[in-house]
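Work through the exercises below with the sequence and the 3D view open. Each task is followed by a solution in steps.

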Amino acid sequence: MITTLSGDTSRLRAAVDFVKEQDTAALLSLLLPGLDGPELRALAERCDFSHAALLVFPADETALHAMITECGLVVEAPPQPSVIVRERLALRHQRCAADLSVGILRPAVDCPDGTRRMVEVFALTVPPGSSLEALAAHERAQQHEAHVAFEVTAADPLVLRGLCAALGRYGATPDGGGYNPHENGTVFYFAAPAQAKAGYRRVELYVPGDYRDLLAAHLDEHRKGQPAEHMLRLLTGAWTTQALAAFARLEVAEAMDAQRSVSIAKLARQVGACEANLATLLRYLAMLGVVSQDGDGYRLTHTGALLRTDTEGSMRALALMYGGVFYESFAGLEHTVRTGQVAFEQRFGAHHFEHFARDPRLAELFDQSMAAGSRMFDPLPAHPILAAAADGATVVDIAGGNGELLCRILSAHPRLHGLLLERPHTIEAARRLLGAAGHTQRCTLRAGDFADVPSGGEVYVLSRVLHDWDDERCREILRHCARAMSATADLLVVERVLPADGSPSLATAWDLHMMCNVGGQERRADHYARLFADAGLALVDVAPLPLDGSVLQVRRAAPAHS
């Protein structure tokens, strides 16, 4: 082990010397040939060269500290777990991540210009004769984890997007990254361009805080350059759906806390689960950011809290639906594509509305799952048509489910009245929700079908209805609306609209879902416009909503003049 220690020590000493010799602007120009002038200065103002990093393989903790001391460094804090490097090693060498205990030490380096930087030392303990010796030899030779890092000084999403774009313009390409919950920091890795002259092939942008939303796009770009890894992740997507559904069914989130960790043993007792198997599930969900490992236990993240029943905007019902009946029917997607028949009907023997109507528990879960996407509705009560409606005007919500959207509109506009048209088995759920909000006196509940759309409303609402049906049925529904509407009434249609340019959108995913499970489809705005025209209506405006939703404003078409 003397030779191994000397080799790791030599690499560590070289990293210390490199840190002392560089400054931010000089290093950026070495890493990104062609970057100079105002753009170099702008980049250097928004990030600081913070450290050089390497991965070492000491036989034990004593050997690690001897190495650090020999290089003239002092460690002031105990090692922290390295989630990101551990996962990268596990993926590269087809190892279980739990078997790779990688720690991070960050001894300070005092530079000649008075700046204090660091050397980041990733340490994987490899005792003599360990099965990890081959892994260590490969990593020493390839130096996959060696990199230089810049810390973003004024972190916000706009600055971070700009920095990532600037690195891309000068040849750096996404090369992974991750979020470390132990430090609450987000890491974006890049491969340096081939022409780089710094001696390091990887660049890190470190951002204090949780930026996993931007990280997801960065990782998607990285996976495009790793087709086998990308395909493997795609193929295992079903595992994620079932992991989230199992987590929801077992009500693990209800037994967890966002502020403190709870031990596996305690969680297993509370939810009635096998302790070892629950640990495996939580380890997987920690990788997804649903829970966070904290010592010997786990705590709930903000994302995971959405699977609690009592969380505002809870998505637990969605997890149960997508991991339950819709998961079963999606197994028939090939049948739908091959024959044009709806997979849900093949699996359950009835259209999904009929199937749910026969099962009150499932019908309630479906209504709850529809309400789980209610963040799409957040801006809708402020729509100009509702804001301008006269005192005492009536808003008619057609097939409005449990009344979630109508409840929001009535809460935002105390001067308005509401009428909810729904199937009989859903009316009671709507009555409870609207009653709890204090809207009973201002809202009429009417059991009926689309043919029963009442006249007399100033504003009509069709929210996430048309995508359930084929074009002919949509025309029929819209004709019922047109017959009920006066010449001055407005119809607000809420749907996910397919982008005309084919850009990524949740609407594209829901189009597949509607085809397989309902027999409906998502549509482009021009497609909706044709359907409206066929029913004697005209599309006036389209405005965006959250979750890739849209609200389409529709009025009666002006009569044609001969």
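Helices and strands here are DSSP runs, a helix having at least four residues and a strand at least two, and they are numbered from the N terminus. The model is a predicted one.

**Exercise 1. Place Thr440 and find its neighbours.**

Task: State which loop holds Thr440 and which residues Thr440 touches, not counting residues up to four places away in sequence.

Solution.
Step 1. Look for the elements on either side: helix H21 covers 424–436 and strand S15 covers 443–447, and Thr440 is found in the loop between them.
Step 2. Leave out residues up to four places away in sequence; Thr440 then touches Leu434 and Gly435.
Step 3. For a distance, take His417, which is 23 residues from Thr440 along the chain; the two C-alpha atoms are separated by 10.0 Å.

**Exercise 2. Describe the chain as a whole.**

Task: Give the number of helices and strands, the spans of the C-alpha trace and the share of buried residues.

Solution.
Step 1. The protein chain has 24 helices and 19 strands.
Step 2. Its C-alpha trace spans about 90 × 60 × 50 Å along the principal axes.
Step 3. The chain has 562 residues, and 48% of them count as buried, the cut-off being under 20% relative accessible area.
Step 4. About 26200 Å² of the chain is exposed, with 54% of that area supplied by carbon and sulfur atoms.
Step 5. Take the contacts between residues at least 6 apart in sequence: 67% of these join residues at least 24 apart.

**Exercise 3. Classify the packing of H3 and H7.**

Task: Decide how H3 and H7 are oriented to each other, and list the residues that meet.

Solution.
Step 1. H3 consists of residues 37–46 and H7 of residues 157–169; they pack at an angle of about 135 degrees, and their axes are 11 Å apart.
Step 2. Angles over 145 degrees count as roughly antiparallel and those from 65 to 115 as roughly perpendicular. H3 and H7 are therefore oblique to each other.
Step 3. The crossing of H3 past H7 is left-handed.
Step 4. From H3, Glu39, Leu43 and Arg46 take part, meeting Val159, Leu163, Ala166, Leu167 and Arg169 of H7.
Step 5. Sorted by class, the residues of this contact of H3 with H7 are five nonpolar, three charged and no polar.

**Exercise 4. Follow H12 to two partners.**

Task: Describe how H12 packs with H10 and with H11.

Solution.
Step 1. Start with H10 (residues 237–249) and H12 (residues 275–287): the angle is about 120 degrees and the axes are 10 Å apart.
Step 2. H10 and H12 are therefore oblique to each other, and H10 passes H12 in a left-handed crossing.
Step 3. H10 contributes Trp239, Thr240, Ala243, Leu244 and Phe247 to the contact, while H12 contributes Leu281, Leu282, Tyr284 and Leu285.
Step 4. The contact of H10 with H12 has eight nonpolar residues, one polar and no charged.
Step 5. Turn to H11 (residues 264–271): its axis and that of H12 come within 9 Å and cross at roughly 110 degrees.
Step 6. That angle makes H11 roughly perpendicular to H12.
Step 7. Ile264, Ala265, Leu267, Ala268 and Val271 of H11 meet Glu275, Leu278, Ala279 and Leu282 of H12. The classes in the contact of H11 with H12 are eight nonpolar, no polar and one charged.

**Exercise 5. Compare two residues with positive phi.**

Task: Locate Glu251 and Arg464, and say whether each is buried, partly exposed or exposed.

Solution.
Step 1. Most residues other than glycine have a negative phi.
Step 2. Glu251 is not a glycine, yet its phi is positive, about 60 degrees. Arg464 also has a positive phi, near 55 degrees.
Step 3. Glu251 is found in the loop between H10 and strand S10 (262–263), and Arg464 lies in the loop between strand S16 (459–463) and helix H22 (471–484).
Step 4. With a relative accessible area of 39%, Glu251 is partly exposed. Arg464 has 12% and is buried.

**Exercise 6. Examine Val453.**

Task: Is Val453 buried or exposed, and which residues does Val453 touch?

Solution.
Step 1. Val453 is found in the loop between S15 and S16.
Step 2. Its relative accessible area is 11%, so Val453 is buried.
Step 3. Not counting residues up to four places away in sequence, Val453 touches Ile398, Leu421, Tyr460, His480, Cys481 and Ala484.
Step 4. Ala245 lies 208 residues from Val453 in sequence and 37 Å from Val453 in space, C-alpha to C-alpha.

Technical notes: Residues are numbered from 1 along each chain as its sequence is written. This is a predicted model: local features need pLDDT of at least 70, side-chain atom pairs count only at pLDDT 80 or more; totals for chains, interfaces and linings use all residues. Side-chain values use heavy atoms; hydrogens and water are left out. Axes are lines fitted to C-alpha atoms, for helices over the stretch in contact, and angles run from 0 to 180 degrees between N-to-C directions. Angles under 35 degrees count as roughly parallel, over 145 as roughly antiparallel, 65 to 115 as roughly perpendicular and the rest as oblique. A crossing is left-handed if the near helix is turned anticlockwise from the far one by less than a right angle, and right-handed if clockwise. Contact means heavy atoms within 4.5 Å. Ala, Val, Leu, Ile, Met, Phe, Trp, Tyr, Cys and Pro count as nonpolar, Asp, Glu, Lys and Arg as charged, and the others, Gly among them, as polar. Buried means under 20% relative accessible area, exposed over 50%, partly exposed in between (1.4 Å probe, protein chains only). Accessible areas come from the Shrake-Rupley method with a 1.4 Å probe; for residues, only the protein chains shown count as cover.
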